[in-house]
Amino acid sequence: GYRVLTHDDIPAYIAGVPAIVAQLGGGPADWTVRDVADGNLNAVYLVDGPAGGVCVKQALPYVRVHHDWPLAVERALFEHAYMVRLDPFVGRGAPQLYHFDPTLFTIVMEKLEPHIILRKGLIEGRHLPKAAPDTATFIANATFNTSDLAAPFERKFEDIAHFARNQALLRITMDLVLTDPYREVWRNRYVRPHMEGWAASFRSDIELKTAVARHRIGFLTNTQALIHGDLHSGSVMVTEDDTRVIDGEFASYGPIGLDTGAFIANLIMSWYAHGAYDRPEADRRAYRDWILEQIAIFWATFRDRFLTLWENATEAGDAYPADYFTDTAGKARLATIRRDYLDGIFADTVAFAALKMNRRIIGYAQIADYLVIEDLERRARAQAPALALARALLTRPERFADIAAILDAIPRFERA
Ligand code: SR1
Ligand code: MG
């Protein structure tokens, strides 16, 4: 049966998995184990042996950072299924999967070293040139290939049925991301008293809540592609020349814009947080310019890659069969259809970026980018423009029709 593995249990556990023993070399006495858990939910260990290393991740029966909060260990099934389903499409965009244990709900995978969590790199002001384009490529590869543009509906419907059972984690997204910032609930952890006014105004803002409700419906009904579901800067591990997307336990069929929006939201919040970091002004300005550039690169790369996959697809899905638009007029129409499809993803990206910012500032799971700002007054001053921008993105989407409009608005909302 299931049991929580402790640090000291890991060598004996690994000793029972021959393929991993061979990979590490030696035996339990030769292995070192490091507890490197960093996210909110799971236990994570890195194990090194004479011949190599692995990463062991176990789903705990509760939220790691909040033991009184029970959470289904079955989430590991969906993280595993996400890795398996995407393996043919994403190449080295994710860690390699070595072993899955459906009893202890552990995943043994490639140890990523010297990678760091992208969020840490952003906080430290590191230039990581591959992070944005590689993450964009990962999302395009993952979502195009699991959408109706590439997959036959029978395959897609099987997948939808499977991932629809990831309900415990979908409920977390429904509650923590799409509901809590707009109501009073014990979990909300915004900066008090400085952000109380913002939290109260969100609760009574009918225009905002109407827009949020529209995107709640989008989240619940738009099974556009297999999405990661939690693709923030803590779900990406990087070096200067390598990028891996990790932690697919929130995977489901949903709107692609939830993934692209989550990534952009975390870059935008990093930009605002940098305004409060104690760094020389010239360094700060240069780094903030770099972040804006990464947002532009991220969207351009995602769009180009998605379109390239579509234009070169040899096996079309059921949405636009290959023999459907063959003559000149048809091909021209298809170009318009593709542009409209990408515009739809962009509109969702904008909305979900806003929703993700609101949840990180008013909701339960606060982010290190802001938590490292110890002075609460300064932290709140770096958060308020993100909320003001998010509100505009949700209630005035027509003003944000392209990425240039977002890039222009980010500094403007800080000055406002
Ligand atoms: C209970 S904490 C939940 C949050 O942590 C994860 O990273 C997700 O963002 C989730 O909403
Ligand atoms: Mg996670």
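## Strands β6 and β7

Two strands pair if DSSP finds at least two bridges between them. That helps with a good place to begin in this predicted model: strands β6 (residues 97–101) and β7 pair in the antiparallel sense over 4 bridges. Together β6 and β7 form a hairpin, with 4 residues between them. In the turn, Phe105 has a positive phi of about 50°. Within this pairing, His99 has Val108 of β7 as its bridge partner.

Strand β7 (residues 106–110) has another partner too: β3 (residues 53–59) pairs with β7 in the antiparallel sense, over 5 bridges. Here Lys57 stands opposite Ile107 of β7. How covered is β7? Mostly, as 4 of its 5 residues are buried.

## The largest nonpolar core

Now for the largest nonpolar core, which has 113 residues. The members that touch the most others are Ile268, Ala353, Ala354, Met357, Ala386 and Leu393. Helix α10 (residues 256–274) gives the largest share of this core, 12 residues. Both domain 1 (7–110) and domain 2 (116–415) contribute residues, so the core lies between them.

Take Ile268 for a closer look: leaving aside neighbours within four places in sequence, Ile268 is in contact with Ala353, Met357, Ala386 and Ile410.

## Around ligand 1

Which residues surround ligand 1? They are Gly39, Asn40, Leu41, Val63, Ile172, Leu176, Asp230, Tyr364 and Ala365. By class, this shell has 6 nonpolar, 2 polar and 1 charged residues.

Where does the shell lie? Domain 1 (7–110) and domain 2 (116–415) both give residues to the shell around ligand 1, so it lies between them.

Notes
Residues numbered from 1 in each chain as written. Chains lettered and ligands numbered in written order. Predicted model: local features only at pLDDT ≥ 70, side-chain atom pairs only at ≥ 80, totals over all residues. Core = buried A, V, L, I, M, F, W, Y, C linked by C-beta atoms within 7 Å. Buried ≥ 20, exposed ≤ 12 C-beta atoms within 10 Å, placed from the backbone. Helix = DSSP H or I, 4+ residues; strand = E, 2+ residues; numbered from the N terminus. Domains from an automatic or database assignment. Contact = placed C-beta atoms within 7 Å. Near = placed C-beta within 6 Å. Nonpolar A, V, L, I, M, F, W, Y, C, P; charged D, E, K, R; others polar.
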